[in-house]
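Trainee: I've got the model open at the bench. Can you walk me through its aromatic rings and its core?

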Amino acid sequence: EEKTHEMVVKATDGGGLSAHCKVQVEVLDVNDNAPEIALTSLIASIPEAAPPRTVVALFSVRDRDSGDNGRTECSIEGDLPFSLTPTFDNYYELRTNAPLDRERTAEYNITVTAMDWGTTRLSSRKNLFVQISDV
């Protein structure tokens, strides 16, 4: 919440003489916050005829730490017909990257993982459930 704190310290002796100085304390960040995934929009059902690169979801990732502890990267698990595209300011789009076939797979449970770059890496996951509608 605060990177630095400033205070004035005054010392007075028994004879009434005093002096003061300004003390600045710099707080060093430790990696104590996992990334947070915030879903902005999700198309819960997309037609199997949707062309590749169709946007399925938009989400953002935030890590309250600073420096590398607050830098994040995202990925999805498994061999799925979806990919992540970074857009701007820690926003990502989940897009189709191959034709969909409802008769082969009617629904997908997609796990998005956000991981920070801290020395001890912290991560969080969000599951997105997408149904494929028949055409």
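Trainee: How many aromatic pairs does a search of the whole structure find?

Mentor: First, this is a predicted model, with local features needing pLDDT of at least 70 and side-chain atom pairs counting only at pLDDT 80 or more, while totals for chains, interfaces and linings use all residues. Residues are numbered from 1 along each chain as its sequence is written, and side-chain values use heavy atoms, leaving out hydrogens and water. Rings of Phe, Tyr and Trp (its six-membered ring) pair if their centres lie within 6.5 Å; planes under 30 degrees apart are stacked, over 60 edge-to-face, the rest tilted. On that basis, the aromatic pairs number three.

Trainee: Which kind of pair do Phe82 and Tyr108 make?

Mentor: Phe82 sits in strand β7 and Tyr108 in strand β9 (strands are DSSP E runs of at least two residues, numbered from the N terminus). Their ring centres are 5.1 Å apart with the planes at 80°, so the pair is edge-to-face.

Trainee: And Phe88, buried or exposed?

Mentor: Phe88 forms a stacked pair with Tyr91, 5.4 Å centre to centre and 25° between the planes. Buried means under 20% relative accessible area, exposed over 50%, partly exposed in between (1.4 Å probe, protein chains only). With a relative accessible area of 55%, Phe88 is exposed.

Trainee: Which ring does Arg71 lie over?

Mentor: The rule is that NZ of Lys or CZ of Arg is within 6 Å of the ring centre and within 35 degrees of the ring normal. Arg71 is 3.7 Å from the centre of its ring, and that ring belongs to Trp117.

Notes. Helix = DSSP H or I, 4+ residues; strand = E, 2+ residues; numbered from the N terminus.
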